[in-house]
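This report describes side-chain packing in a single structure, with attention to one arginine, aromatic rings and nonpolar cores. The model is predicted.

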Amino acid sequence: MRKFFFNLSTFLLVLLSSVMLCHQAVGAAVCPSGWMSYGSYCYRALYGPGRTFQEARAACADSGGDLLWAETQEELDWALQGGRFGIREHWGQCGNCSQTYSGWIGAQGATLSDSQQSSDLIWLMDGSPVSFKFSWYLGKPKLSPNDFVSLTEATSPSRLRTDLKTDKKFPICKMNSNSEREPCPSNEWLQFEGFCYLLVKGSNGRNLTEAVSDCRRRDPSAHLLWVTSQAEMDWVMDFSARNWRLREDYRAQCRDCRFQGDAAWTGLYRDEADGGNFKWLKDNSNVDVTVKWFVLDPGNPPRNYAYIYGTTNDLYFRTYSPEAKHYHFCKAPVFVSTTAPTGVTATTTIATREPTSTHETVTSPPTSSDLTTPQSTHETSTDLSTTNTAPQGACPSQNWLQFSGFCYLLVKGSNGRNLTEAMSDCQRRDPSAHLLWVTSQAEMDWVMDFSARNWRLREDYRAQCRDCRNLGDAAWTGLYRDEADGGNFKWLIDNSNLDVTVNWFFLEPGNPPRNYGYIYETVSSLYFRTYSPESKHYHFCKAPVFVSTTAPTHTPTTTNILTTESTTLVTSESTTQTGPTSSSSVTTSATILADYTTYSKSTPDTTQTESTIEATQS
């Protein structure tokens, strides 16, 4: 009997241990390779040449997070366990560093006192005060200007110390895990060997430039189909297994597609400047797989852009000029971290005609032959009860706020926009609108009044936005640094100089190429910060109050926006421009959506959502 109870007790103990391990596995953060998990976050030190405090923070931001912050004493104690980040063993890589065996974390004090208390420190991630005790190296922090905190593994357990912001150390980064995200952007995409694929169909087609933009809108890492192996090409072109239903749905659904085109754009094109070699739009790489061409294809220039053509029993490649309306294939890497992987996209000029209205559905064979799930972006805009809304007709809609002759809108939603997309979106909403500019200190104070405006930027950004920069809590404005004019800050709308006081966040403005200003919200205040323009955020629009039958307009001067992922210079459009003509040319880029303004004006899924919101609130 004792043996029975002993065995039973052992069994229950093993069972309980197994349940606990399963529970821990389910609740643990899913982190990219090289990152450690604790709770719902991921952590790592970035080895290599040492970085100043500001450089370290920028490096963490590029990895999708920020310098380490702690929300509880337990989390900080976990980070301080001896050798947690491997700094000492990798210190030989930090050739320009002093022998401190330390890495920067995201805490700073304005003026540290000669004490062991941390009450005068803040976490830079959100500006909140440090609410628990730090374990200091040698018992206390150094005095100002040694105001920047690092973690040293010179002792065990590790300790915290303060140093000059110009000292060189490793960055210690932290970011949200994304354990709930699926490998592909949505379940409509098909997966094959590390990549996701989508055939976008619907009642309207897109020209080539619109197709590129649409793929990028669906996921920041997506582009028109490119192929890197023969196995991948064979998988895509397998008529029976894939069952794309390209020909059937093209003829049955698409109203403005090229007659009997039975086609879907890909990223394959002929580079006439390089002897007519075929390449992929995504990165200008050469085609190194066998392409199954249709009879008499590829066509002659200017029919340089390739699509997949569906017959009754097979798939082929053909070429045509880029203004034709077709369906299109998108491709994106499988999701493996909190920041979507991106590729460097070379500049390719594509001539297009002005697109017409587009209503889309997506089809994902073979699970469904008639899928009609719209891929829409649900947007909201801030409507506050604490500030009087504009009289009907004075502003573009009831969602805008009015102040001293102008209307203001914070555009939120489930997706963010890079700077160029944000600018185009403002002008799509009203011809006279642009990204926020400020002409008086009273106006700046009104916008930045945290309590009175109650923009709810931080809360809604974290709760709603799926593809915004991790913990960005930000909304683009029209403020930018003009490096060609000595680094002076100006407004994008008209290149006018900044002549009001800006409430900058700590260590801001950042260094080039982080030249573009956004409003950043902490738990209790609003600040300006700068970042590079391809980052996805919410955005602020501003427009003059309507005073006549024709909306007043501003004519902004030409301003070039340089992205970090492309050498393409994108020019902000005039507010009087309605769209490109057949002789205009648009540039395709991985981070700047070509012809986005014209496309945005014609996409009803978002407009319909906004109209519904406005009708409800009015």
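## Surroundings of Arg 514

Leaving aside residues up to four places away in sequence, Arg 514 is in contact with Ala 58, Ala 61, Asp 62, Arg 481, Thr 530, Tyr 531 and Ser 532. Arg 514 itself lies in the loop between β23 (488-491) and β24 (516-521). Its relative accessibility is 16%, and because the limit for a buried residue is under 20%, Arg 514 counts as buried. One polar contact in this model joins the side chain of Arg 514 to the backbone oxygen of Ala 58, at 3.2 Å.

## Aromatic pairs and charges over rings

Across the whole structure, the search returns 37 aromatic pairs. Two of them are set out below.

| Pair | Centre-to-centre distance | Angle between planes | Class |
|---|---|---|---|
| Trp 293 and Phe 317 | 6.2 Å | 70° | edge-to-face |
| Phe 294 and Tyr 316 | 5.2 Å | 65° | edge-to-face |

The Trp 293 and Phe 317 pair is classed as edge-to-face because its planes stand at 70°, and the class requires an angle over 60 degrees. This pair links distant parts of the chain, 24 residues apart: Trp 293 belongs to the loop between β13 (277-280) and β14 (305-310), and Phe 317 to strand β15 (residues 315-320). Trp 293 is partly exposed, at 24% relative accessibility, whereas Phe 317 is buried, with a relative accessible area of 1%.

The second pair also links distant parts of the chain, with Phe 294 in the loop between β13 and β14 and Tyr 316 in strand β15, 22 residues apart. Phe 294 is partly exposed, its relative accessible area being 21%.

Elsewhere, ring pairs join Phe 192, Tyr 197, Trp 235, Trp 244 and Phe 329 into a cluster. Rings also lie beneath charged groups: the charged end of Lys 169 sits over the ring of Trp 104, 5.3 Å from its centre, and that of Lys 282 sits over the ring of Trp 226, 4.8 Å from its centre.

## Nonpolar cores

In soluble globular proteins, nonpolar side chains tend to be buried together. The largest nonpolar core in this model has 30 residues, of which Phe 85, Ile 105, Trp 123, Phe 134 and Leu 160 touch the most other members. At least two residues of this core come from each of β2 (41-45), α3 (73-79), β4 (102-109), β5 (121-123), β6 (148-152) and β8 (170-176). Another core, of 28 residues, lies apart from it and includes Trp 226, Cys 257, Val 289 and Leu 315. Trp 226 in this second core is also the residue whose ring lies under the charged end of Lys 282.

Terms used:
Residues numbered from 1 in each chain as written. Predicted model: local features only at pLDDT ≥ 70, side-chain atom pairs only at ≥ 80, totals over all residues. Heavy atoms only, no water. Phe/Tyr/Trp six-rings, centres within 6.5 Å; stacked < 30°, edge-to-face > 60°. Helix = DSSP H or I, 4+ residues; strand = E, 2+ residues; numbered from the N terminus. Buried < 20%, exposed > 50% of the residue type's maximum accessible area, 1.4 Å probe, protein only. Lys NZ or Arg CZ within 6 Å of the ring centre and 35° of its normal. Core = buried A, V, L, I, M, F, W, Y, C linked by side-chain atoms within 4.5 Å. Polar contact = N/O pair within 3.5 Å; in protein donor to acceptor, adjacent residues only side chain to side chain. Contact = heavy atoms within 4.5 Å.
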